[in-house]
Amino acid sequence: MTEQPHVHPVRDDIAANAWVDNAKYLAMYQQSVDDPEGFWAEQAKRLDWIKAPTRAKNTSFARDNVDIRWYEDGTLNVSANCLDRHLETRGDKPAIIWEGDDPNESKTLTYRELHARTCQLANAMKELGVKKGDVVTLYMPMIPEAAMAMLACARLGAIHSVVFGGFSPDALAQRVIDAESKLIITADESVRGGKQVPLKDNVDAALTRKGAEVAESVLVVKRTGGDIDWHEGRDVWFHERVDGQSTDCPAEEMNAEDPLFILYTSGSTGTPKGLKHTTGGYLTYAAMTHQYVFDYHDGEVYWCTADVGWVTGHSYIVYGPLANGAITLMFEGVPSYPTHGRMGEIVDKHNVSILYTAPTAVRALMAHGDDVMASSKRDSLRLLGSVGEPINPEAWEWFYRVIGNSQCPIVDTWWQTETGGIMISPLPGATELKPGSATRPFFGVRPALVDNEGHLLEGATDGNLVILDSWPGQARSIWGNHERFVQTYFSTYDNMYFTGDGCRRDEDGYYWITGRVDDVLNVSGHRMGTAEIESSLVAHDAVAEAAVVGFPHDIKGQGIYIYVTLNDGIDPSDELKKELTQWVRKDIGPIASPDVIQWAPGLPKTRSGKIMRRILRKIAANETDGLGDTSTLADPSVVDELIANRATH
Ligand code: WTA
């Protein structure tokens, strides 16, 4: 057992001013699970409906009938909810504060400006043939046009698929093809940490792949003016097509269950899955969690440091905040540029009240010592948030003490691309904090722990984290493959959503996420399937077989450790290691860069040929004393060989 955590009680002044204190949390939580229908019907009123829903919940987790519907007879438009309805009350107040990669560049867009630009873009997209139900791929820098593009899609009833700008042309092509996306919106280049990333070149390369010719048009924002190739008849400049459009564009009436977006994420097997999120339930949940978890109050500047390419950017840079009429800060760059003090300097410059970031960013700063924050005061901060991976108690305390000046509660928010919004998290006015714990469930969320056979476990224990009933923000399916959705999430345990995470519950009922129990890695908060990296490696001529596992990494949380068996006649060399590293970076993207490659003449396999990853994980972590039972291996001697030649990192 680990030592007792240092508990941070709720401060009275925070509880007194918060939307929710502990008594209210307990009462509301009880109501939300006793009467989900009544609770969620009430919550839907936070949105503007064209036709109000008469029923909230209609959901089934049964394996032979996974069917999730919320507010199914209601109609609304997400972009109207994020923009139009705020015009009267806060049209001239900031919606987006944009901070460029270059510290001298920033700008503010009011709700009125964002509305006008979104309408213009939506009109331009119509001209390019985009209709309700079409998929539009966004491959963009962190610039306001990314948010506009998402909202313009929502306005027309088109479905966006945002692909993170760090993904390779092949990864982009795969997603364009899977979604049969006719339009791609991109920029000439993005700028991060003073360096240009050739987005348009990557799009050009992606569209040469077989099948990618479904994409008929590419709309290009001029961000840097850098040199790019131009394909007449296919490529269209954003400023030329958008700027002259009417600033009026009616918002489509959408059913609550019409898709709003798809977002690809990695699983333990196969190609990335396009999770399908819909309209009414998603927005209700994103808005509600944003208000309560961040205890958002009118006029506050809120900053989520995620990229819009990830679900965190969708729900907590764009949809949740804008639905609530909040001021959302969008940062183009990286926290280490031009110096490691940048994050604090941005907080001071824009008077940020709420800072939502990732443990990996905190650990990277912490590695530079307390002085790294000396260039800023950060006394505007009121609340801190963490997401993407478990935050170790040391990093939590450093975040609290150094970044937050020991003044700000930290909300450690556990959730997933599949959940659409935050599921387990403290509420700052209600929840006593224990560093490292995501604490208690959000309203309407029923977490539980089960053993490997699916038996519910009671009390303080370790187990597999499942959710027992639906919540409005939940993904409804996998794009084009409902069967895979059922298989992945609802077939491991009967009538439960399986998260893929392991978890401990303590004597106070607090949840402590321990990490993935499947073959998914979490590297710097980015999800990566081991199978994806393995299949990239075996596509290389020199490679016969590859096995990928995670190992504990001080800054990234997990690093990528690769065991490679070479084809007969190929000699191992440092050059080949470099080549394989480049190969994976090019194939998937820099986020999949291997940290360690070990040559493996053989891999530990069961007699039926299954690779024993448990053993490979132990060797990678240098925990070779506790290898457990190796007697089921076809050839136990390969283990000794791997230990003897363990690569250092
Ligand atoms: C992990 C990101 C511990 C977890 C929103 C989950 C976390 C996966 C936390 C989802 C947290 C996310 N504590 N682990 N606060 N937040 N995770 O889909 O393993 O990119 O299953 O969604 O990240 O990653 P995804």
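Two strands count as paired if DSSP finds at least two bridges between them.

**Figure 1. Overview of the predicted model and the domains listed for it.** The structure shown is a predicted model. Its chain has an average pLDDT of 96, and 99% of the residues score at least 70. The scores for the model are ipTM 1.00 and pTM 0.95. UniProt, in an unreviewed entry, places "domain: Acetyl-coenzyme A synthetase N-terminal" at residues 25–82. In the model this span is 40% helix and 24% strand, with 27 Å between its end C-alpha atoms. For residues 84–467 the unreviewed UniProt entry lists "domain: AMP-dependent synthetase/ligase". Residues 84–467 are 29% helix and 24% strand, and their end C-alpha atoms are 35 Å apart. Residues 532–610 carry the UniProt feature "domain: AMP-binding enzyme C-terminal", also from an unreviewed entry. Helix makes up 27% of residues 532–610 and strand 32%, and the end C-alpha atoms lie 17 Å apart.

**Figure 2. The ligand and the residues around it.** The shell around the ligand holds 17 residues, of which Asp412, Thr413, Thr417, Asp501 and Arg527 come nearest. By class, 6 of the shell residues are nonpolar, 6 are polar and 5 are charged. Threonine 417 has a polar side-chain atom 2.6 Å from an oxygen atom of the ligand. Two further contacts involve the protein backbone and ligand nitrogen. In threonine 413, a backbone N or O atom is 2.8 Å from a nitrogen atom of the ligand. At glutamate 389, a polar backbone atom is 3.4 Å from a ligand nitrogen atom. On its own the ligand has 530 Å² of accessible area, and the protein covers 96% of that. Helix H12 (311–323), strand E20 (410–413) and strand E26 (511–516) are the elements that give two or more residues to the shell.

**Figure 3. The open sheet of 5 strands that includes E26.** The strand order is E22-E21-E23-E25-E26, and the pairing is antiparallel. Strand E22 (456–457) and E26 are the edge strands, each pairing on one side only. Strand E25 (residues 497–505) runs antiparallel to E26 and is joined to it by 5 bridges. Arginine 505 has tyrosine 511 in E26 as its bridge partner. E25 and E26 form a hairpin with 5 residues between the two strands. In the turn of this hairpin, glycine 509 has a positive phi of about 80 degrees. E26 also appears in Figure 2, among the elements that give two or more residues to the shell around the ligand.

**Figure 4. The open sheet of 8 strands.** Its order is E12-E11-E8-E6-E7-E14-E15-E24, and the pairing is mixed. Strand E12 (235–237) and strand E24 (477–478) stand at the edges with a single partner strand each, so one side of each has no neighbour in the sheet. Within the sheet, strand E6 (residues 135–139) and strand E8 (residues 183–187) run parallel and are joined by 4 bridges. Leucine 138 stands opposite isoleucine 185 in E8. In a regular strand, side chains alternate between the two faces of the sheet.

**Figure 5. Two loops with backbone geometry worth checking by eye.** Most peptide bonds are trans, and most residues other than glycine have a negative phi. The bond between tyrosine 337 and proline 338 is a cis peptide bond, with omega of about -5 degrees. Proline 338 is in the loop between strand E17 (327–331) and helix H13 (342–350). Arginine 378, a residue other than glycine, has a positive phi, near 60 degrees. The loop that holds arginine 378 is between helix H14 (359–366) and strand E19 (383–387).

Key
Residues numbered from 1 in each chain as written. Heavy atoms only, no water. pLDDT = per-residue confidence, 0-100. Near = heavy atom within 4 Å. Polar contact = N/O pair within 3.5 Å; in protein donor to acceptor, adjacent residues only side chain to side chain. Areas by Shrake-Rupley, 256 points an atom, 1.4 Å probe, with all protein chains shown as cover. Nonpolar A, V, L, I, M, F, W, Y, C, P; charged D, E, K, R; others polar. UniProt positions renumbered as here; feature names shortened; annotations may be inferred.
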